[in-house]
Amino acid sequence: MVNQFPQVLTIAGSDCDGSAGLQADMNTFQRCGVYGMSVLTAAVAGNSYGIFASQPMPTEFIDKQFAVLTEDFQINACKTGMLTDTKTIETVARNYQKYDLGPLVLDPVIITKHGDMLLEEDAFETLKEKLIPQATVLTPNYYEAVKLTGIQIESTTDALKAAQILQKMGAKNVMVKGKHNDKQQTKVTDLVLLEDKTSFTLSEPFINTTHINGTGDLLSACIAAEIAKKTSIADAIKQAKKFVTAAIADQLDVGHKYGPVNHLVKYSF
């Protein structure tokens with residue numbers, strides 16, 4: 001039957017080295033057993049040493065990608081990645097309201113896992129106002145959760161308070177990801193707050209490696225893929241946490257500095 005196979009859309013930038021962005025999302029979709037497609041928002045020239053140039057897509061081109069995809073495909077879920085600036089965020093928010101794209105997994109991509117700001121302040125405010133209220137699942141890292149809520153997160157109780165604030169902003173389900181940049185830590189613990197107000201934590205061993213590019217992309221893409229397969233929100237998040245941990249643990253030896261997680265890791269869904 002036409003359009004019955006699970007179909008998932010990533011709205012993200014292109015990382016030419018394949019470690020993150022829509023390339024990482026498409027790799028994740030394939031591993032999760034769904035058909036993936038993409039709306040390109042920007043492109044960066046980079047490698048394992050860093051990013052050396054970037055180019056945002058014209059908003060008219062972003063609009064056209066949404067239009068032609070929704071004319072032909074039945075998209076069951078979507079996720080966002082790098083949205084670069086205010087115009088891009090407004091364009092994505094408008095198209096998400098215009099078309100039936102299924103549940104939205106919002107990876108906010110505001111601050112890196114090391115604490116470096118990725119969005120200008122006006123774009124940050126636009127993300128808060130236009131996209132977070134549409135999120136089915138919001139997956140901020142530690143620094144993004146602090147920036148969004150103003151809370152210093154030092155405990156599970158703090159993470160829960162932050163998640164509750166993010167729910168009040170409009171996100172239905174929230175996953176506040178724990179810090180993972182202390183070489184002395186032994187585990188990484190995330191806090192999940194569901195729409196029904198129940199919460200739980202997910203803990204996995206901390207793996208000291210430089211091969212962690214694309215962790216947030218893999219996580220959010222896996223959640224979206226599992227939702228498209230009609231997995232419950234809670235189980236989709238749990239599955240994604242297990243997969244990303246396995247992909248970090250089985251290091252893929254490519255690149256010379258900060259490498260990608262391993263989408264090819266042996267893992268059963």
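**Exercise 1.** Classify Tyr142 as buried or exposed, then describe its ring pair with Tyr143.

*Solution.*
Step 1. Tyr142 has a relative accessible area of 9%, so Tyr142 is buried (buried means under 20% relative accessible area, exposed over 50%, partly exposed in between; 1.4 Å probe, protein chains only).
Step 2. Tyr143, at 23%, is partly exposed.
Step 3. The structure holds five aromatic pairs (ring centres of Phe, Tyr and Trp, the latter by its six-membered ring, within 6.5 Å; planes under 30 degrees apart count as stacked, over 60 as edge-to-face, the rest as tilted). One of them joins Tyr142 and Tyr143 edge-to-face, at 5.0 Å centre to centre with 80° between the planes.

This is a predicted model, in which local features need pLDDT of at least 70 and side-chain atom pairs pLDDT 80 or more, while totals for chains, interfaces and linings use all residues. Residues are numbered from 1 along each chain as its sequence is written, and side-chain values use heavy atoms, without hydrogens and water.

**Exercise 2.** Describe the pair of Phe243 and Phe269 and place both residues in the chain.

*Solution.*
Step 1. Phe243 and Phe269 pair edge-to-face, with 4.9 Å between centres and 75° between planes.
Step 2. Phe243 belongs to helix α8 (residues 233-249) and Phe269 to the segment after α8, so the pair ties together parts 26 residues apart in sequence. Helices are DSSP runs (H or I, at least four residues), numbered from the N terminus.
Step 3. Phe243 is buried at 0% relative accessibility, whereas Phe269 is partly exposed at 36%.
Step 4. Ring pairs link Phe243, Tyr267 and Phe269 into a cluster.

How values were computed: Helix = DSSP H or I, 4+ residues; strand = E, 2+ residues; numbered from the N terminus.
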